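Here is a brisk tour of one structure, for reading with the model open beside the text. Loops, sheet, rings and helices are taken in turn.

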Amino acid sequence: MDEVFKALADPSRRLLLDSLNARNGQTLRELCAGLEMARQSVSKHLAVLEAANLITTVWRGREKCHYLNAAPINAIADRWINRFDRERVQALADLKTALESEPMSKPEFVYTTYINTTPERLWQALTEPAFTRRYWGVTFETDWREGSTMAWEQNGWRSDDAAQVVLEAKPYERLSYAWHTFTPEFAGAVGMSEGKVAALAAERRSKVTFELEQQGSLVKLTVVHDGFDQGSTLLESISEGWPALLASLKTLLETGEALPEPEPAA
């Protein structure tokens, strides 16, 4: 946590965070163009922000895109926000909100967390019903081969759809699959209004990708949920749901106990 405060203390690094808050997913070239800083200086500041987990990076072809990451701000809020009056922590609250928001210029969700586990154990937690049921309340029926269909189950609801497929599966490294289908039965199972589920059903199908990277005794987990239309209702929902879900996954793997009552999947 010391790295987070040190990273935020520098005004140039805060400018970079402001730039990403205004338009998330920028390349180094784009960040340099928007700020009066030399490319080398921007690179050094980005390295500090990434080391503090305040930003995360995702390769798009040959381009490295930078995204704000809410995980460390969530950790700060969880540790201290209840000990002080709201006025004294308004700056932290505002930054947390900014980091969790999704600019309309790039409709996608990107989140990075570090878990004290192994890639093998994390892969199990992402794929095996014994794990997913505990921190998510969801199970998948699939062989986890690329192109295979996935049946989703949650609260007595089941979705079998030929478009729900595994897109990529490299054990212990990368997993990607299409999001589930929204039906009236799903709305009933999770207590969602008919109007909202109808709006979700009208959107194009999104996808989620998990990238696992061993870093010493920790595993860096980056979650990218994308494929949304501008103004997506689903993007708004999963942006609130993923941080809580991933916190529960981390807690389960590190302590053996998931957080209470996971939020229903969007």
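N155 is exposed because its relative accessible area is 52%, above the 50% cut-off. The model is a predicted one. N155 sits in the loop between β5 and β6 (157-170). Its phi is positive, about 50°, although N155 is not a glycine.

**Loop residues**

W144 also has a positive phi, about 60°, and is not a glycine. It belongs to the loop between β4 (139-141) and β5 (149-154). Is W144 buried or exposed? W144 counts as buried, because its relative accessibility of 15% is under the 20% cut-off.

F182 lies in the loop between β7 (174-178) and α9 (184-190). Its relative accessible area is 10%, so F182 is buried. The C-alpha atoms of F182 and A201 are 5.1 Å apart in space, with their positions 19 residues apart in sequence.

N53 is found in the loop between α4 (39-51) and β1 (55-60). This residue is buried, with a relative accessible area of 10%. L68 is 15 residues from N53 in sequence, and the two are 8.8 Å apart, C-alpha to C-alpha. Which residues does N53 contact, leaving aside its neighbours within four places in sequence? They are N69, A71, P72, T112, T113 and Y114.

The accessibility values for the four loop residues are set out here.

| Residue | Loop | Relative accessible area |
|---|---|---|
| N53 | α4 to β1 | 10%, buried |
| W144 | β4 to β5 | 15%, buried |
| N155 | β5 to β6 | 52%, exposed |
| F182 | β7 to α9 | 10%, buried |

**The sheet**

Seven strands form an open sheet. Their order is β3-β9-β8-β7-β6-β5-β4, and the pairing is antiparallel. β3 (109-115) and β4 are the edge strands, each pairing on one side only. On average, neighbouring strands of this sheet are turned by 25° against each other, direction ignored. Helix α11 (residues 233-255) packs on the sheet and touches β3, β8 and β9. The direction of α11 makes about 10° with that of β3.

Now for single pairings within the sheet. β7 pairs with strand β8 (residues 207-215) in the antiparallel sense, over five bridges. In that pairing, S176 has T209 of β8 as its bridge partner. How many bridges join β8 to strand β9 (residues 218-226)? Nine bridges join them, and the two strands run antiparallel. V208 has H225 of β9 as its bridge partner. The hairpin of β8 and β9 has two residues between the strands. There, G216 takes a positive phi near 65°.

In a regular strand, side chains alternate between the two faces of the sheet. Keep that in mind when following a strand on screen.

**Aromatic rings**

The count of aromatic pairs comes to 18. W152 and Y177 make one edge-to-face pair, with 5.9 Å centre to centre and 75° between the planes. W152 lies in strand β5 and Y177 in strand β7, so this pair ties together parts that are 25 residues apart in sequence. W152 and Y177 are both buried.

W152 and Y177 also belong to one aromatic cluster. Its other members are Y135, W136, F140, W144, W179, F210 and W242. The loop residue W144, with its positive phi of about 60°, is thus met again in this cluster.

**Helix packing**

Two packed helices are described by the angle between their axes and the distance between the axes.

Helix α1 (residues 2-9) packs against helix α2 (residues 11-22) at an angle of about 90°, with the axes 5 Å apart. α1 is therefore roughly perpendicular to α2. On the α1 side, K6, A7, L8 and A9 make the contact; on the α2 side, P11, R13, R14 and L17 do. By class, this contact of α1 with α2 has five nonpolar, no polar and three charged residues.

α2 packs with α4 as well, at an angle of about 80° and with axes 10 Å apart. α2 is therefore roughly perpendicular to α4. S12, R13, L16 and L17 of α2 meet V42, H45, L46, V48 and L49 of α4. By class, the contact of α2 with α4 has six nonpolar, two polar and one charged residues. R13 and L17 are named in the contact with α1 and in the contact with α4.

Note on methods
Residues are numbered from 1 along each chain as its sequence is written. This is a predicted model: local features need pLDDT of at least 70, side-chain atom pairs count only at pLDDT 80 or more; totals for chains, interfaces and linings use all residues. Side-chain values use heavy atoms; hydrogens and water are left out. Helices (H or I, at least four residues) and strands (E, at least two) are DSSP runs, numbered from the N terminus. Buried means under 20% relative accessible area, exposed over 50%, partly exposed in between (1.4 Å probe, protein chains only). Two strands pair if DSSP finds at least two bridges between them. Axes are lines fitted to C-alpha atoms, for helices over the stretch in contact, and angles run from 0 to 180 degrees between N-to-C directions. Angles under 35 degrees count as roughly parallel, over 145 as roughly antiparallel, 65 to 115 as roughly perpendicular and the rest as oblique. Contact means heavy atoms within 4.5 Å. Ala, Val, Leu, Ile, Met, Phe, Trp, Tyr, Cys and Pro count as nonpolar, Asp, Glu, Lys and Arg as charged, and the others, Gly among them, as polar. Rings of Phe, Tyr and Trp (its six-membered ring) pair if their centres lie within 6.5 Å; planes under 30 degrees apart count as stacked, over 60 as edge-to-face and the rest as tilted.
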